[in-house]
Every structure is written in C-alpha cells, then in structure tokens.
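Q: I would like a close look at one part of this protein. Please start there, then work outward to the rest of the fold.
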Amino acid sequence: MGNLKLKGKDILKLGYPNNQSVNVALEVMKRNFATKNIHHVKSILKDILLNPENFEKDLTFGQIAESLLSSRKTEKRMLNNQRASFQIFGNNISEEAKNQLYTALKLPISTQGALMPDAHSGYGLPIGGVLAVENAVIPYGVGMDIGCRMSLSILDIPVSYLDGARDKYEKALAEHTKFGMYETHKSHIDHEIFERDTFDMIPILRRLKGKAIKQMGSSGGGNHFVEFGEVEIIEEEDQIGLPKGKYLGILSHSGSRGLGAEIAQYYSRVAADQCPLPKEAQQFAWLDLNTHLGLEYWTAMNLAGDYASACHDDIHRRIVKAVGGRVKARIENHHNFAWKEVHNGKEVLVHRKGATPANVNELGMIPGSMTAKGFIVRGKGNPDALNSASHGAGRAHSRGECRSLFTQNDIKKELKLKKVTLMGGNTEEAPMAYKDIHEVMNAQSELVDILGTFQPRIVRMDK
C-alpha cells in the first residue's frame, strides 16, 4: 500500500460516520495516494465530507462520495416472473443458449432481448445474445474479451498475387503477427490512446497500462486470427467506394487482450458483490450507471474498446508495410460491448455479446470459419433484433467436443479441399466446429443485406 500511514481512526476524527464510508475512504486513498503527505490526504477527505455532491462523478473520489451519500444495504435482487419481449432468429440453437437468454429477460432492468442465428451457450449471456437494459451495465453481458472486433482492409493489389507470391504473404504473417499470452512485438509506435488521462484516473487501468503497451498490435488465442483472402464486392456501396470485382484483403479478429480480460474479471466480481441475484442469474449481476462503480466500468469498457480498435490498426499497418500496396477500403465492427441507444423511444444500454451492430446502413463483417466464406454486410436496423446481426457462423461443437471429434488429419483434408493454408490453429477451431455460415446468413436476411464476401486463403492463428 506504499508509505501512507492513514488509519480508520484518523478518518473518524475528520467527522466521517462510523460505517462503510471509512473503509471505502481508507482503501481509495491508500490505493491512489500511497506516497502523498498525510495532511494533504486528510484535507482532500475533509473536502469530500463537507461537499460529497461535488465529487459524485469523480472517477477517483466518487466511491467515497457515494458511500457518504448513501446508506443503502445490499439487498438480494429478485427476478421478474415474466420475461421481457424477445425474438429468436434461426432454428439451429441449443436449448441451453435459449434458457440463458430467458433468465436474462427476467432481470428487473431488462426491456428487450434477441438471439442471433449463430447463438450458442456462454457465460452469462449466450454468445449471439443481445440484451437491452435500463441505466445499468452487466459486465458478463459484455463478456470477457471487451470490444472484440472484426477488421477488414481491402488493398489495391491483384488477388492473383496470393497464389503467385504465396511465400511472401505467408512470411508477412509469420513475422509480423503475434498471438496468445506470451508473444509480443519487439518495437512499438506511440499511439494516442496511451496519452489518455483515463489510464491515470482508475487504479486498475493505471496498473494495466504497461501490459496494454506491451500487447499492442497482438492478437488473442482461441478463435482469433489474421488472414489474407479474396474479397469479392457484389454490390456497390458508396461507403466502401469500390466497383464490383475481386480484391486482396486482410481480415483480423481479436479484442482488448489482457487489458479487457482483467477489467472484465475485476468488475464482474465487484458487480456480484453489489448485486446479489438468485443462483441461476448470478452471472447477470449489474452495475447501476448512477453509481461510481458503474461509471468506472463504463469508462474502462470504452477505453478497452478503443484499445481493441487501436490493436487492429497496428496489426493492419504492420502487414500492409510488409506486403506493400495501399488500403482502398476498411470495414470494421465491435462485438462484446454495450452501447447507449434509443429503442421504443427510450434510452437503453444494449449488450451485444458475440453479435454485430446492424443499424440502418451500418457496415459490418461476419466471418465464416478458416475455410468458409465470410460476408460484408449492411445493416437494416431491424428493431426486433435490436439492430443486430450474428458475429460469425457460431459453434456447432464445443471446444471439448472438438478435441474428441476431430483430428489434425481431418483439418488438413478440409484445408486442402478449400485451398487454404493454415499457420497455427488446433482442433478446437477446426472448420467443422462451426455451423454452416450460409444457413446462418439465410436466417438473418431481415437483419442485413450482403454486399460482398471474403474467402480465406492464408490463415494465421495461435499455435
């Protein structure tokens, strides 16, 4: 805790009530002002005590102010008997995934939900689950990989180069992409995101800043990838600005790395303490956005989303520098995030866990598998889906099932059949692990228009 010799009795002497506010003040000041003079610290605490309303929205002191202004006890929250309204798109969805959504729809804060056609069970909200709630955010509803996203760069290089100079493109992926927990780039560019004062305002972000800098431009394990492939534009769209035809593309899928994972773990624990729920709903513990902790998570979540975007920028910058050419168009979108949106005339927070935002005319990228085509889409803004679409094909088999169902030989046969080169990867991400992307796309024709496709050719994943 550093050198600050502040004790509870010192805070009581300042006039603080003998309740939780003393412990909160002690923790906050030791965490943030460990090396400061005790008289300076006491003067700050006195100011907060005299006018806690002035500090309610402060990211450092808001928790103290809140504990002074509120003497609420943490009471167990009950679920509603009735579910909020919802719609399920697609047929090939497990009962377990549906039941996870049904539980979420009974939260007293829930207003509407939807299940995308790629849905399968997850922690808290199912993957492919969309949930709108009032004035609160559910850390597990966002997910562990905050701001996980797709990013497609379309280059002015003839697509034939993927065959003619395949070695060059394989080398670029081998040398300029990093995956998993331990691989990082040797050199980094300065990125504006690290200049943001948000990193200094919240203790967990301050602690994670070094890790975030180190992992910049790297990708996660599991189903994350960077790949070269063949883009085909089948419908011209002003936002893309390219004529119909075939192009060379770079597609990446990854999120906010260790930064997002640790934010998710910390605030999921905090939410569970703040918001006790019945056993079947414990993973839906929420943070009220009127509270300091809710504001803190919201701020951290948004920073993690911007960091994920910055990582993709860096990945694409490195690859384009290695292979040459210019980026003619870029299409990208988040999933695993929460957005403030207006639905049915009311502002709500829409959680999309493994679901793509598909507002009217919003562009997105929905991948298939390492061998199956992905789709460039334009949102239709379907209100029944809370303006959402699937984020991929979705798993047909769990990772555990894949280890017993498929062999490396099975994967090699499929790769050869589809003329795809795979670098890294494992049986958990076998092409056969995923649902048929064409069935998934057919089930969401009311949600998106298809503008083009992306056929993977050279795929790099974690070893």
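Which residue just after α14 takes a positive phi, and of about how many degrees?

A: The residue is Lys419, with a positive phi of about 55 degrees. Keep in mind that this is a predicted model.

Start with the helix that comes just before Lys419. Helix α14 covers residues 408-417, and its buried residues are Ile411, Glu414 and Leu415. These three sit on the same side of α14, because they cover an arc of only 100 degrees around the axis. The general rule behind such a pattern is simple. An α-helix has 3.6 residues a turn, so residues three or four places apart point the same way. The buried residues of α14 pack against β16, a strand at 421-423. On the face turned away from that buried side, α14 carries the exposed residues Lys412, Lys413, Lys416 and Leu417.

Compare helix α5, at residues 95-104. Seven of the 10 residues of α5 are buried, so this helix is mostly covered. The buried set is Ala97, Lys98, Gln100, Leu101, Tyr102, Thr103 and Ala104. Those residues pack against β1, β2 and β3.

That leads to the sheet. Five strands make up an open sheet with mixed pairing, in the order β1-β2-β3-β11-β10. Its edge strands are β1 (85-88) and β10 (337-343), and each pairs on one side only. Between neighbouring strands the average turn is 20 degrees, direction ignored. Within the sheet, β3 (residues 127-133) and β11 (residues 346-353) run antiparallel and are joined by five bridges. Gly129 has Lys353 of β11 as its bridge partner. Helix α5 packs on this sheet, and its direction makes about 170 degrees with that of β2 (110-120). A second helix, α12 (residues 292-323), lies across β10 and β11. The direction of α12 runs at about 110 degrees to β10.

Now the annotated site. An unreviewed UniProt entry places the feature "binding site" at Asp145 and His224. They span 80 residues in sequence, yet no two of their C-alpha atoms are more than 11.0 Å apart, so they gather at one spot. Asp145 is found in the loop between α6 (139-142) and β5 (149-155). His224 also has a loop position, between α10 (203-215) and β6 (225-233).

Are these two residues buried or exposed? Asp145 has a relative accessible area of 17%, which makes it buried, given a cut-off of under 20%. His224 counts as buried too, at 10% relative accessibility.

Their contacts beyond four places in sequence follow. Asp145 touches His224, Gly255, Ser256, Arg257 and Asn336. His224 touches Asp145, Cys148, Phe179, His253, Ser254, Gly255, Arg460 and Met461. Gly255 therefore appears in both lists, as does the mutual contact of Asp145 and His224.

Last, the domains. The domain assignment gives domain 1 at 8-70 and domain 2 at 148-461. Their C-alpha centres lie 41 Å apart. The contact between them takes nine residues from domain 1 and 12 residues from domain 2.

Back to the starting point: Lys419, just after α14, has the positive phi. Behind it in sequence, α14 turns Ile411, Glu414 and Leu415 to its buried side, and those residues pack against β16.

How values were computed:
Residues numbered from 1 in each chain as written. Predicted model: local features only at pLDDT ≥ 70, side-chain atom pairs only at ≥ 80, totals over all residues. Heavy atoms only, no water. Buried < 20%, exposed > 50% of the residue type's maximum accessible area, 1.4 Å probe, protein only. Helix = DSSP H or I, 4+ residues; strand = E, 2+ residues; numbered from the N terminus. Arc of directions from axis to C-beta. Contact = heavy atoms within 4.5 Å. Pairing = 2+ DSSP bridges. Axes fitted to C-alpha atoms, helices over the stretch in contact; angles between N-to-C directions. UniProt positions renumbered as here; feature names shortened; annotations may be inferred. Domains from an automatic or database assignment.
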